[in-house]
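This report looks at a tyrosine side chain and its surroundings, and then turns to the cysteines and to a patch on the surface. Please keep the sequence and the structure in view while reading.

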Amino acid sequence: PERKRALPRYPRAIGIVSSLQAAALHDVLTALSRRAPNVPVFIYPTAVQGESAPAMICSALDAANQHAQCE
């Protein structure tokens, strides 16, 4: 809790770590296009199921942090 940061009220850009085939990704993109069409969205694709998923998710998060395109 002491290292946790609050989400920005008005983000400049949004990053999503998800599988490109995930239904949830489609839902989030649909909602964002309706509610915040002016906010850029960066997708960091990764597997979210299976034995290798945890390591791949961590790699995608690292890539998102290195690119520093979103908050």
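In this predicted model, the side chain of Y44 makes a polar contact with the side chain of Q69, at a distance of 2.8 Å. Y44 itself lies in strand β2, which covers residues 41-45, and with a relative accessible area of 8% it is buried, because the cut-off for that class is under 20%.

Which residues surround Y44, once its neighbours within four places in sequence are left aside? Y44 is in contact with G15, I16, V17 and S18, and also with A60, A63, A64, H67, Q69 and C70, so that Q69, the partner in the polar contact, appears again among the residues that Y44 touches. M56, by comparison, is twelve residues away from Y44 along the chain, and the C-alpha atoms of these two residues are separated by 11 Å.

One of the contacts of Y44 is S18, whose place is in strand β1, residues 14-18. S18 counts as buried, at 10% relative accessibility, and, with its neighbours within four places in sequence left aside, S18 is in contact with L25, Y44, P45, T46 and V48.

Another contact of Y44 is C70, which leads to the cysteines. How many disulfides does a search of the whole structure find? The search finds zero. C58 is in no disulfide, and the nearest cysteine sulfur, which belongs to C70, is 16 Å away. Why is C70 not bonded to C58? The sulfur of C70 is 16 Å from that of C58, its closest cysteine sulfur, and this is too far for a bond, because a disulfide requires the two sulfur atoms to be within 2.5 Å. C58 counts as partly exposed, at 46% relative accessibility, and C70 also counts as partly exposed, at 21%.

Strand β2, which holds Y44, is also the place of V41. V41 is partly exposed, with a relative accessible area of 31%, and together with L20 and I43 it makes a nonpolar surface patch of about 220 Å².

The table gathers the accessibility values of the residues discussed above.

| Residue | Relative accessible area | Class |
|---|---|---|
| Y44 | 8% | buried |
| S18 | 10% | buried |
| C70 | 21% | partly exposed |
| V41 | 31% | partly exposed |
| C58 | 46% | partly exposed |

Conventions: Residues are numbered from 1 along each chain as its sequence is written. This is a predicted model: local features need pLDDT of at least 70, side-chain atom pairs count only at pLDDT 80 or more; totals for chains, interfaces and linings use all residues. Side-chain values use heavy atoms; hydrogens and water are left out. Helices (H or I, at least four residues) and strands (E, at least two) are DSSP runs, numbered from the N terminus. Buried means under 20% relative accessible area, exposed over 50%, partly exposed in between (1.4 Å probe, protein chains only). Contact means heavy atoms within 4.5 Å. A polar contact is a pair of N or O atoms within 3.5 Å; within protein, one must be able to donate a hydrogen and the other to accept it, and residues adjacent in sequence count only if both atoms are side-chain atoms. Patches are made of residues with over 30% relative accessible area and no salt bridge: like charges are joined within 9 Å, nonpolar side chains (Val, Leu, Ile, Met, Phe, Trp, Tyr) within 5 Å. Accessible areas come from the Shrake-Rupley method with a 1.4 Å probe; for residues, only the protein chains shown count as cover. A salt bridge is a side-chain nitrogen of Lys or Arg within 4 Å of a carboxyl oxygen of Asp or Glu.
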